[in-house]
Amino acid sequence: MKHILALFLFFILCSCQNETSENKKVTDSTLTNSIQKEESGKIDFDTFFQKYRTDSVFQLKHTKFPLKSFYIDETEDTSINFISEKKWQFNDFKDDKTSEYDQYEFVKNPISSDVVHYEMEGIDNGISVIYKFEFDGQEWSLIEIEDASY
């Protein structure tokens, strides 16, 4: 009888230890998944940009001021300007294919996982403006505008 009781206690201890071990594995797995979510949890550019192009307050908050804006002319000279928050004009980034002369469309050009160029490309008219967005580890922001129109 003592052997049966000892064997019974042995099985109970082993099963408790297995439950503890299994619980630890589940806890470790949950912790690992939450860390991965935090690390990969950055908002993808498309989600960010949808809000950026429709919400003027959000757009202001996610634009680095003073915003560097430069123009490259036909002689390859560069003029640099800085746009203040007061001078910023909301941009909805909508294609314009109805104007007689100034038709353009926007094209997303991912440079890396943290840099996206949103390009305004003219349709048979020389318009070329690049809006440079960057993810700084916490949020996406417009950091620079390059106007290479000719």
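## A walk through the sheet and its core

Let us start with one residue, Tyr 131: leaving aside residues up to four places away in sequence, it touches Asn 91, Phe 93, Phe 106, Val 116, His 117, Tyr 118, Met 120, Leu 142, Glu 144 and Ile 145. Tyr 131 also belongs to the largest nonpolar core, a group of 21 residues in which Tyr 52, Tyr 131 and Phe 133 touch the most other members. At least two residues of this core come from each of α2 (45-52), β3 (104-110), β4 (115-122), β5 (128-135) and β6 (140-147). Please keep in mind, as you look around, that this is a predicted model.

How confident is the prediction? The chain averages a pLDDT of 80, and 73% of the residues score at least 70. Among the elements of the chain, α3 has the highest mean pLDDT, at 98, while helix α1 (residues 2-39) has the lowest, at 41. Over residues 1-39 the pLDDT is below 50, and this stretch has one contact in the model beyond near neighbours in sequence. Where pLDDT is low, the predicted coordinates should not be read in detail.

Now turn to the sheet. It is open and has six strands, in the order β2-β1-β6-β5-β4-β3, with mixed pairing. Its edge strands are β2 (78-83) and β3, each of which pairs on one side only. From one strand to the next, the twist averages 20°.

We can follow some of these pairings, beginning at the β3 edge. β3 and β4 run antiparallel and are joined by seven bridges, with Glu 105 standing opposite Glu 121 in β4. Further along, β5 and β6 also pair in the antiparallel sense, over seven bridges. Here Phe 133, one of the core residues with the most contacts to other members, has Leu 142 in β6 as its bridge partner. The hairpin of β5 and β6 has four residues between the strands, and in this hairpin Gly 137 takes a positive phi near 105°. With β1, by contrast, β6 pairs in the parallel sense, over five bridges, and Lys 68 stands opposite Glu 144 in β6.

How enclosed is β6 by the rest of the structure? Six of its eight residues are buried, so β6 is largely enclosed.

Next to β6 in the strand order is β1, and strand β1 contains Leu 67. Is Leu 67 buried or exposed? Its relative accessibility is 0%, so Leu 67 counts as buried. Not counting residues up to four places away in sequence, Leu 67 touches Asn 81, Phe 82, Ile 83, Trp 88, Leu 142, Ile 143, Glu 144 and Ile 145. One of these contacts, Asn 81, is 14 residues from Leu 67 along the chain, and their C-alpha atoms are separated by 8.2 Å.

Finally, let us look at helix α2, where Phe 45, Phe 48, Phe 49 and Tyr 52 are buried. Why do these residues lie on the same side of α2? They cover an arc of only 95° around the axis, and this puts them on the same side. An α-helix has 3.6 residues a turn, so residues three or four places apart point the same way. The buried residues of α2 are covered by elements including α3 (56-61), β1 (63-72), β3, β4, β5 and β6. This brings us back to the core, to which α2 supplies at least two residues.

How values were computed: Residues numbered from 1 in each chain as written. Predicted model: local features only at pLDDT ≥ 70, side-chain atom pairs only at ≥ 80, totals over all residues. Heavy atoms only, no water. Core = buried A, V, L, I, M, F, W, Y, C linked by side-chain atoms within 4.5 Å. Buried < 20%, exposed > 50% of the residue type's maximum accessible area, 1.4 Å probe, protein only. Contact = heavy atoms within 4.5 Å. Arc of directions from axis to C-beta. Pairing = 2+ DSSP bridges. pLDDT = per-residue confidence, 0-100. Axes fitted to C-alpha atoms, helices over the stretch in contact; angles between N-to-C directions.
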